[in-house]
Amino acid sequence: MTTTRPQVIWSDQTVPVRGGALAGVRIYRPANVKPVAPAVLHLHGGSFIYGNLEAGRAAATLLAEAGAIVTSIDYPLAPEHRFPKALDTAFDVLSVLSRGKAAWSPKRAPLYVAGEEAGGNLAAGLALMARDQKSPSLAGQILLSPMLDSRLATCSVREAKAGAGGCQWADGWHHYLGTAVHAVHPYASPVVSSRLSGLAPALLITAEDDLLRDETSAYARKLRDSGVPIREDFLKAPTGWPCALYRNADPDAAWRDALRDAFTSFFAETTGKKRLLEPSSFVR
């Protein structure tokens, strides 16, 4: 049975950030916007060294199909811009959205961060920054196959024969961090953080064939143990994650419907319409 997808429209804009610069963003919105639609800051994948607004189209469109107004940011890439440049730029855009200064962002809307792969890392870092700075207030964080652990030593990474020098994830971490000191900074490698309490509720999604599966699950456990409300979903293989999320994503991929449904449920769960589910669930 073919699923009818909600219509989504998009436009490109700019947002002022520190240093007098302008960050490019792409706004996705449902054709029929609800009065108080969730506002989502979205960050694309690409191992910190690749990607652009077009790379974020698949995930951003699905978030909008779930009812959100999505601001997808063209953040600065490594190696030209190392940690924390991308994170600081994203935080500036998040602050603009939270203050209702963006014409497309509804005032008093619940605010979320979301990202896939390297973008999932940045979204997790933004959630930590927002908690530490006590602003902006986040309704939730959505992490899709997030790139969280610079050690690249998990079983799922080894099974995929990744992690060695020359693979895109090893190269991405090297260029993004710049120095080993940053590898233990919680904003750069959130899975090493020893203080996760007080973070916004989290939706973490990975897949059976996702090489970032183990670090996603490890972070989910740490969040749950710290008292953070979470929902952890798994997709059945094959998905081709994480690359399929941002490289020529198949418009008919089976995981698209699963993601849209998960986003819709998470928005409802974190805006008081339903109680947030904490046990892990398996998305089929």
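Where does Ser145 lie? In this predicted model, Ser145 sits in the loop between β6 (140-144) and α4 (155-159). Its phi is near 45°, a positive value in a residue other than glycine. Ser145 has 0% relative accessibility and therefore counts as buried. Ser47 also departs from the usual backbone setting: its phi is positive, about 60°, although Ser47 is not a glycine. This serine belongs to the loop between β3 and α1. Ser47 is buried, with a relative accessible area of 0%. Most residues other than glycine have a negative phi, and most peptide bonds are trans.

Cis peptide bonds occur as well. One runs from Ala78 to Pro79, with omega near 5°. Pro79 is placed in the loop between β4 and α2. Another cis bond joins Trp241 to Pro242, with omega near 0°. Pro242 is part of the loop between β8 (230-235) and α7.

The loop between β3 and α1 (57-65) also holds His44. His44 is buried, and its relative accessible area is 0%. Beyond its neighbours within four places in sequence, His44 contacts Tyr50, Gly51, Asn52, Ala55 and Gly56, among others. Its contacts also include Ile73, Asp74, Tyr75 and Leu77. Glu116, Ala118 and Gly119 are further partners of His44.

Helix α2 was examined next. The 14 residues of α2 should span 20 Å at 1.5 Å a residue, and the end C-alpha atoms are 20 Å apart, which agrees. Of these 14 residues, 11 are buried, so α2 is largely enclosed by the rest of the structure. The buried set includes Ala86, Leu87, Thr89, Ala90 and Phe91. Asp92, Val93, Leu94, Ser95, Val96 and Leu97 also belong to the buried set. The cover over these residues includes strands β1 (8-16), β2 (22-30), β3 (39-43), β4 (69-73) and β5 (111-116), together with helix α3. Gly100 follows α2 and has a positive phi, near 70°.

Asp92 is a charged residue within α2. Its relative accessibility is 13%; the cut-off for buried is under 20%, so Asp92 counts as buried. Outside its neighbours within four places in sequence, Asp92 is in contact with Val17 and Arg18.

Two packed helices are described by the angle between their axes and the distance between the axes. For α2 (residues 85-98) and α3 (residues 118-133), the axes come within 10 Å and cross at roughly 60°. The crossing is right-handed. On the α2 side, the contact is made by Ala86, Leu87, Asp88, Ala90, Phe91 and Leu94. On the α3 side, Leu122, Gly125, Leu126, Met129, Ala130 and Gln133 take part. By class, this contact of α2 with α3 has 9 nonpolar, 2 polar and 1 charged residues.

Aromatic contacts complete the description. The structure holds 6 aromatic pairs. In one of them, the rings of Tyr112 and Phe267 have centres 4.9 Å apart and planes at 70°, so the pair is edge-to-face. This pair links distant parts of the chain: Tyr112 lies in strand β5 and Phe267 in helix α7 (residues 254-269), 155 residues apart. Tyr112 is buried, with a relative accessible area of 0%. Phe267 counts as buried at 5% relative accessibility. Elsewhere, ring pairs link Phe48, Phe83, Trp173 and Tyr176 into a cluster.

Terms used. Residues numbered from 1 in each chain as written. Predicted model: local features only at pLDDT ≥ 70, side-chain atom pairs only at ≥ 80, totals over all residues. Heavy atoms only, no water. Axes fitted to C-alpha atoms, helices over the stretch in contact; angles between N-to-C directions. Helix = DSSP H or I, 4+ residues; strand = E, 2+ residues; numbered from the N terminus. Left-handed = near helix turned anticlockwise from the far one by under 90°. Contact = heavy atoms within 4.5 Å. Expected span 1.5 Å × (residues − 1). Buried < 20%, exposed > 50% of the residue type's maximum accessible area, 1.4 Å probe, protein only. Phe/Tyr/Trp six-rings, centres within 6.5 Å; stacked < 30°, edge-to-face > 60°.
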